[in-house]
Amino acid sequence: MLALSLFVLIGAVPAWAQVANASVSTAPAATTAPVAAPAAAPNPAAFINSGDNAWMLTSTALVLMMTIPGLALFYGGMVRKKNVLATLMQSFAITALVTVLWMIIGYSLAFTTGNGFIGGVSRFFLDGMGLDAVNPLAPTIPESTYMTFQMTFAIITPALIVGAFAERMKFSAMLWFMGIWLLAVYAPIAHMVWGPGGWLGSDGVLDYAGGTVVHINAGVAGLVAALVMGKRVGYKKETMPPHNLVLTLIGASLLWVGWFGFNAGSAGAANDRAGMAMAATQIATAAAALGWMFTEWKTKGKPTILGICSGAVAGLVAITPASGFVGPGGALAIGIAAGMVCFWTAVYMKEMIGYDDSLDAFGVHAIGGALGAILTGVFAVKAIGGTAGVLEGNIGQVLIQAKGVTVTVVYDAVVSFIILKLLDMTIGLRVTEEQEREGLDISLHGEQVL
């Protein structure tokens, strides 16, 4: 007991001394006015919300899963057996290529302050992105999380394009095209719609998770590539059935699950709007799957696995721009419309016009994205997203949405065409007829599925 008392007493002495010293040394002179301490600069990291960050980290992983393995399997199952590995390789290689380019300059061009068309270079090589960095576009999560989340969007967009020219582009040309297209097309469109001071976003264009930036962008580029390269050898003369619809169903299922990160994650936080976006996504996807299935059943006589999977993806595409702006009723209407319209464009419009969009990237993504963008202007609910649509009296929103669609289509088509023609004149776009007949797995990669 004595030892404990001495220990407490000895430990208290320094504290007494500090108090005494402080009372002497800090007493101001009678003639000296008190000086206010300078205000501390706000620390952005102090506003980081752990719950928001946890949800956004999860969403980032979900969106990455959409490309590898989701889209890879979805596309891989639809091509012929001799091209399945080449198709999987494209998705995987694009994931790696875009990751590096996004880190170097893509993120900076899309999501930092510049002008209405393109961002700046303040995050070149992610310079200055420390642990406490925060992008004002997502103030409650670290900028590193936000950058990586947006990276996964930049990854899947060019990966979607390959569905239009599947089974016929050279691997080297594909890499060059995707790298240039990312910086010349994707980054400017992303900045115009989502970036700070972006022209289209400032004009009121609503695109919650990528109807213009991702789906119209990818679908239009895919159509241009299919037209520039021409049809596959034997197209409409030989049967070209999907080699493994089991892979396609697995891929479509992974896309459906991953899309919750895509749409609900675009809230940038674990909040009520994320919850509504998730509900809208589920409802629209189911409605579109049924819409495509019943339309195909009625017109073709049988419902197919390929059809219901394609319908689900069409619903996911169409609800993407609307998911944070519409309620359950709007989501149901958008889903039904997407299933029926995209069935017609993928099956009948392609036949009438005669282009070879191998896996219907244009018919599903460009058409579905445009449909969803326009219908966002119809079904938007002010109480959900802050902007009213036609049903709430704001007729002009449809015109604003049409402007976003038109700008994306025109800019994307022109620049994609220029990139493709330049590559065709230099390194060439297409494999030889002999390579195409042999299959890209063997001719380009020296591998095959047994």
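**Exercise 1. Where is the place of Glu167?**

Solution. Start with the ground rules. This is a predicted model, in which local features need pLDDT of at least 70, side-chain atom pairs count only at pLDDT 80 or more, and totals for chains, interfaces and linings use all residues. Residues are numbered from 1 along each chain as its sequence is written, and side-chain values use heavy atoms, with hydrogens and water left out.

Step 1. Glu167 sits in the loop between helix 4 and helix 5 (171-194). Helices are DSSP runs of H or I with at least four residues, strands are runs of E with at least two, and both are numbered from the N terminus.

Step 2. Check burial. Glu167 has a relative accessible area of 4%, so Glu167 is buried. The cut-offs: buried is under 20% relative accessible area, exposed is over 50%, and partly exposed is in between (1.4 Å probe, protein chains only).

Step 3. Check the backbone. Phi of Glu167 is near 80 degrees, a positive value in a residue other than glycine.

**Exercise 2. Examine the backbone at Leu126 and at the bond from Ile68 to Pro69.**

Solution. Step 1. Recall the background: most residues other than glycine have a negative phi, and most peptide bonds are trans.

Step 2. Leu126 has a positive phi, near 60 degrees. Leu126 belongs to the loop between helix 3 (84-111) and helix 4 (143-161). Its relative accessibility is 16%, so Leu126 counts as buried.

Step 3. From Ile68 to Pro69 the peptide bond is cis, with omega near 10 degrees. Pro69 is part of helix 2 (residues 50-78).

**Exercise 3. Describe the surroundings of His365.**

Solution. Step 1. Locate His365: helix 12 (residues 361-379).

Step 2. Is His365 buried or exposed? Its relative accessibility is 4%, so His365 counts as buried.

Step 3. List contacts, meaning heavy atoms within 4.5 Å. Leaving aside neighbours within four places in sequence, His365 is in contact with residues including Tyr75, His215, Val313 and Asp360.

Step 4. Look for polar partners. The side chains of His365 and His215 share a polar contact of 3.1 Å. Such a contact is a pair of N or O atoms within 3.5 Å; within protein, one must be able to donate a hydrogen and the other to accept it, and residues adjacent in sequence count only if both atoms are side-chain atoms.

**Exercise 4. Find the largest nonpolar core.**

Solution. Step 1. Define the set: buried Ala, Val, Leu, Ile, Met, Phe, Trp, Tyr and Cys residues joined through side-chain atoms within 4.5 Å.

Step 2. The largest core has 100 residues. Phe74, Tyr75, Trp102, Phe165 and Tyr186 have the most contacts inside this core. Helix 5 gives the largest share, 15 residues.

Step 3. Another core lies apart, with 14 residues, among them Ala280 and Ile319.

Step 4. Inspect Phe74. Not counting residues up to four places away in sequence, Phe74 touches Leu247, Thr248, Gly251, Ala252, Leu255, Cys309 and Val313.

**Exercise 5. Place Ala383 and Phe417, then give the chain totals.**

Solution. Step 1. Ala383 lies in helix 13 (residues 382-385). Its relative accessible area is 78%, so Ala383 is exposed. The C-alpha atoms of Ala383 and Phe325 are separated by 8.6 Å, with these positions 58 residues apart along the chain counted as their spacing.

Step 2. Phe417 lies in helix 14 (residues 396-426). At 42% relative accessibility, Phe417 counts as partly exposed.

Step 3. The protein chain has 16 helices and zero strands. Of its 450 residues, 52% count as buried.
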